[in-house]
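Colleague: Got a minute to go through this one with me? Put it on the screen and I'll ask as we go.

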Amino acid sequence: MLIASLCRMGSRRSSYLYYRLNSTYIRRMRYLFELKEDDDICKQAYNSGSFFLFYKLSPFVQQEGEMWLAPRINVSDLKRLLKKFKESEERIEESMLVGCSEVCTPYFALDLGSLEKSALESELNGSFRELRKAFFLLEEEDRSLISKAQALLRWHDNNRYCSKTGQPTVKNLAGSKRVCPSSGAIYYPQMAPVVIILVTDGSRCLLVRQASFPKGMYSALSGFCDVGETLEETVRREVAEEVGLEVDSLCYSSSQHWPFPNSSLMIACHAVVDPQRSMINVNKQELETAQWFSNEEVEEALRMEPKLSKEQTGSLSFWVPPKQAIAHQLMQEWVKNTFHIVQKSSCQSWPQI
Ligand SMILES: NC(=O)C1=CN([C@@H]2O[C@H](COP(=O)(O)OP(=O)(O)OC[C@H]3O[C@@H](n4cnc5c(N)ncnc54)[C@H](OP(=O)(O)O)[C@@H]3O)[C@@H](O)[C@H]2O)C=CC1
Ligand SMILES: [Mg+2]
């Protein structure tokens with residue numbers, strides 16, 4: 001309560017003292033925590049909030065010159081909009097908390113899918129675009145907030161009933177959980193952990209194609225974690241399952257929230273296999289094909305614009321995901337740090353069982 005009140009305080013002195021007590025980051029995280037924990041504080045926060053709008057899970061976007069933005073509207077504009085469409089202001093309580101600015105302006109997301117789409121678009125002077133398109137147009141901050149917002153909106157839409165009692169569940173105002181009033185069961189938004197692995201044999205890296213990929217696109221190998229597995233076990237199993245290779249060592253790179261088709265936490269790793277045992281045996285139930293590529297080939301593919309590369313008739317017969325996908329980042333790391341990987345110095349050895 002104190003944190004939220006201080007965040008809202010206008011006096012220079014209290015802001016100064018508060019700043020001295022906490023870094024901006026800690027202050028923001030504590031503020032968001034309170035909004036998630038306390039419906040009253042969250043309800044008050046609507047008044048100073050900025051709202052991302054969605055239409056049936058498609059985010060509202062605007063183009064400004066070359067730039068694409070996901071505009072946020074303030075609460076008075078939102079109330080005006082709802083009034084114009086003869087909707088009650090209570091609809092605001094359907095919003096999900098998705099973050100806050102440096103100065104603790106809370107960001108919410110609201111889906112107006114029950115209203116008329118074209119009328120909304122002309123009123124707002126922009127359009128609702130599928131996330132699969134908007135994701136690659138938006139800059140980092142908007143992209144991440146919009147992805148989180150869509151994941152939350154989808155999860156709430158899919159979890160409106162208690163799986164134990166069949167009764168409707170109720171969301172807390174921030175949207176960080178749903179509760180079944182009759183059984184007391186609490187449900188939290190979930191995402192599935194997925195490993196994404198760039199396998200190398202020292203001099204080459206392995207890229208794969210699923211039949212569902214766009215024509216010519218190769219990516220890193222990936223797979224969902226099974227219940228009960230460690231990250232290392234998933235990496236080892238997925239590589240064995242999909243391409244019939246045994247991982248000797250691996251290292252963690254980074255992670256990414258991936259909203260498609262459902263919310264996944266992509267956990268990116270580099271994995272090393274023995275070059276003497278690098279014969280690929282593709283599991284055709286999972287993959288269309290898998291192939292070893294040289295450093296030069298991957299470097300060239302990374303330099304190409306994905307859109308251009310589809311039409312390109314140059315020496316390369318493949319292209320790779322754009323920079324927004326963590327697979328791209330893994331390939332960049334591999335291209336820049338090949339020798340690092342060869343020496344296995346940063347890769348944790350496989351534990352002896
Ligand atoms: N950001 C990036 O760079 C990349 C992201 N990805 C993402 O990674 C995810 C996983 O990749 P993929 O290689 O297809 O995974 P897997 O190799 O594990 O195989 C996919 C299969 O797993 C089953 N499955 C679906 N959902 C789940 C789940 N939540 N838990 C367990 N099993 C599930 C489905 O089988 P069935 O239909 O038989 O039930 C599906 O066909 C995808 O969502 C993809 O979008 C992939 C590559 C790059
Ligand atoms: Mg896979």
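Colleague: How much area does the protein expose, and what share of it do carbon and sulfur atoms supply?
Modeller: About 19000 Å² is exposed, and carbon and sulfur atoms supply 50% of it. Accessible areas are Shrake-Rupley values with a 1.4 Å probe; for residues, only the protein chains shown count as cover.

Colleague: Ground rules before we go on?
Modeller: This is a predicted model: local features need pLDDT of at least 70, side-chain atom pairs count only at pLDDT 80 or more, and totals for chains, interfaces and linings use all residues. Residues are numbered from 1 along each chain as its sequence is written, chains are lettered from A and ligands numbered from 1 in the order in which they are written, and side-chain values use heavy atoms, with hydrogens and water left out.

Colleague: How many helices and strands does the protein have?
Modeller: The protein has 13 helices and 17 strands. These are DSSP runs numbered from the N terminus: H or I of at least four residues for helices, E of at least two for strands.

Colleague: What share of the residues is buried?
Modeller: 48% of the 353 residues. Buried means under 20% relative accessible area, exposed over 50%, partly exposed in between (1.4 Å probe, protein chains only).

Colleague: On to the metal. Which protein atoms are donors of the magnesium ion, ligand 2?
Modeller: Ser222 (O) and Glu242 (OE), at 2.2 to 2.3 Å. Donors are N, O and S atoms within 2.8 Å of the metal (3.2 Å for Na, K and Ca); water is not among the atoms, so sites may look incomplete.

Colleague: Where do those two sit in the chain?
Modeller: Ser222 is in strand β13 (residues 221–224) and Glu242 in helix α9 (residues 231–243). They are 20 residues apart.

Colleague: Is Glu242 buried or exposed?
Modeller: Buried, at 3% relative accessible area.

Colleague: And ligand 1: what does Glu242 do there?
Modeller: An N or O atom in the Glu242 side chain is 2.7 Å from a ligand 1 oxygen. A ligand 1 oxygen is also 2.9 Å from a polar backbone atom of Phe224. The protein covers 57% of the 930 Å² that ligand 1 has accessible on its own.

Colleague: Switching topic. How many disulfides does a search of the whole structure find?
Modeller: Zero. The criterion is a pair of cysteine sulfur atoms within 2.5 Å.

Colleague: Why is there no bond from Cys205 to Cys251?
Modeller: Cys251 holds the closest cysteine sulfur to that of Cys205, but at 14 Å it is too far for a bond. Cys205 is also buried, at 0% relative accessibility.

How values were computed:
A polar contact is a pair of N or O atoms within 3.5 Å; within protein, one must be able to donate a hydrogen and the other to accept it, and residues adjacent in sequence count only if both atoms are side-chain atoms.
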